[in-house]
Amino acid sequence: MSETPPVTLLAEGLAFPEGPVAMPDGSVILVEIAAGRITRVMPDGRKLTVAEPGGGPNGAAIGPDGMLYICNNGGFEWAVDKGFTRPAGTPADWSGGRIERVDPETGKVEVLYTESDGRGLRGPNDIVFDDQGGFWFTDLGKTFHDRTDHGAIHYARADGSLIRTAAWPVSNPNGIGLSPDGRTVYAAETTTGRLWAWTITGPGELAPQSWPEVEHPRLMGPAPGFRRYDSLAVEASGNICVASLRIGGIEVYAPDGPVIDFVPFDDPYTTNICFGGPGLKTAYVTLSGTGRLVSVPWPRAGLKLAYG
C-alpha cells in the first residue's frame with residue numbers, strides 16, 4: 001500500500017460529486033448527483049454552474065463534437081451514514097435513466113437516449129469514448145425497497161443514431177474504461193467488488209457469450225477482502241485505477257489482473273479518478289461522502305482520452 005500523496009483541496013461543499021473531467025484550461029467539470037447539477041471548478045476554486053439537468057447526473061465525458069455527455073441515473077434517495085453522505089435507494093418520483101448531451105458553454109441539455117434494445121435505461125453511471133466517436137457506458141441498474149433491477153454494458157453513437165446492449169445482465173456495473181489499444185473494455189461492479197475485462201470485437205460487440213458467463217468476460221483479481229467498487233480510469237501503461245468504496249482509496253490493477261497498489265484517502269466514499277495536468281500526471285479524485293474534489297500528484301501518466 002502506498003502512502004497518500006500530498007493532497008490539494010480544489011473544492012468543497014459539493015453535493016456528492018462524481019464524474020470529473022479535466023479540461024484544457026485547468027478547470028475540472030464534475031457532476032453533483034445530489035443536486036442534479038453539473039459544475040465547473042475553476043483553477044482558483046470558484047464553482048460555476050454548467051447546467052441543471054435534474055435527476056442524477058453521474059458519469060461525464062467530452063465527445064467528438066466538444067459536447068459533454070452525461071449518464072443520468074434519474075436520481076437517488078440520500079442518507080447520512082456516520083457523517084458521510086451516501087445514496088440510499090430510489091426516489092418515488094424516479095422516471096427512468098437517460099443519456100444526455102450538454103453544451104458546456106450554454107448549458108443546453110438534450111436527452112439523447114432513454115432505452116436500449118427495447119429496455120428502458122435504469123441507472124446509467126459511467127461513460128468512456130472510443131476513437132471512432134462512439135461511447136461505452138454502464139447501467140448500474142436500480143434498487144427499490146423490494147427488488148433490484150439488473151445492470152448492463154451498452155454502446156452508443158454520439159449522434160443519436162445507434163444504441164445497443166453489449167452485455168446483460170451484469171451485477172451493478174459502475175466504472176468503465178478502455179485499454180490503451182482500444183481492444184478491451186473494463187467494468188467494475190459495485191456490489192461484488194469485482195473488476196471484469198471484455199474483449200471488443202467491433203463497435204458495441206464483445207467476444208461470444210460462454211454460458212453462464214456474461215458475454216465471456218475475464219475476471220481481474222479479485223482483490224482479497226470486502227470492497228465495493230465505483231468508477232475507474234486507465235493509465236497510459238494499461239494499469240486500471242479503481243475507486244474503492246468503504247476501504248476509501250484507489251486500487252491499481254496491472255493489465256494482467258493482480259492488484260499492484262492501493263492509494264488511501266480519508267473518505268470511505270472515494271468514488272472517481274481522472275487524469276489531467278502536465279503529462280497527465282495529476283490525478284483528480286472525488287471524495288463524495290464529504291463533498292470534496294482534490295488533486296494529487298500521480299506516479300504514472302494517465303491514458304489520454306479520445307476527446308477533450
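In what order do the four strands of the open sheet run, and is the pairing parallel or antiparallel? The order is 25-26-27-28, and the pairing is antiparallel. Here strands (E, at least two residues) and helices (H or I, at least four residues) are DSSP runs numbered from the N terminus, and two strands pair if DSSP finds at least two bridges between them. Strand 25 (228-234) and strand 28 (259-264) are the edge strands, each pairing on one side only. From one strand to the next the twist averages 25°; the axes behind this angle are lines fitted to C-alpha atoms, for helices over the stretch in contact, and angles run from 0 to 180 degrees between N-to-C directions.

The model is predicted: local features need pLDDT of at least 70 and side-chain atom pairs count only at pLDDT 80 or more, while totals for chains, interfaces and linings use all residues. Residues are numbered from 1 along each chain as its sequence is written, and side-chain values use heavy atoms, with hydrogens and water left out.

**Overall fold**

The protein has zero helices and 31 strands. The radius of gyration, taken over C-alpha atoms, is 17 Å, which agrees with the value near 19 Å for a compact globule of 308 residues; the globule rule is 2.2 Å times the number of residues to the power 0.38. The C-alpha trace spans about 50 × 40 × 40 Å along its principal axes. Of the 308 residues, 57% count as buried, where buried means under 20% relative accessible area, exposed over 50%, and partly exposed in between (1.4 Å probe, protein chains only). Among contacts (heavy atoms within 4.5 Å) with a separation of 6 or more, 47% join residues 24 or more positions apart.

**Strands 26 and 27, and Ile273**

Strand 26 (residues 240-245) pairs with strand 27 (residues 249-253) in the antiparallel sense over five bridges. Ala243 has Ile250 in strand 27 as its bridge partner. Ile250 is also one of the residues touched by Ile273, a list that includes Leu232, Cys241, Tyr284 and Trp298 and leaves out residues up to four places away in sequence. Ile273 itself lies in strand 29 (residues 270-276) and is buried, with a relative accessible area of 4%. Ile273 and Leu245 are 28 residues apart in sequence and 13 Å apart in space, C-alpha to C-alpha.

**Cysteines**

Why does Cys241 form no bond with Cys274? The sulfur of Cys274 is the closest cysteine sulfur to that of Cys241, but at 11 Å it is too far for a bond. A disulfide is a pair of cysteine sulfur atoms within 2.5 Å, and by this rule the count is zero. Cys241 is buried at 0% relative accessible area, and Cys274 is buried at 10%.

**Backbone exceptions**

Most residues other than glycine have a negative phi, and most peptide bonds are trans. The peptide bond from Trp168 to Pro169 is cis, with omega near -5°, and Pro169 is in strand 19 (residues 163-170). Two residues other than glycine with positive phi are set out below.

| Residue | Phi | Loop between | Relative accessibility |
|---|---|---|---|
| Lys82 | about 55° | strand 8 (78-81) and strand 9 (84-87) | 78%, exposed |
| Asp117 | near 50° | strand 12 (115-116) and strand 13 (119-120) | 49%, partly exposed |
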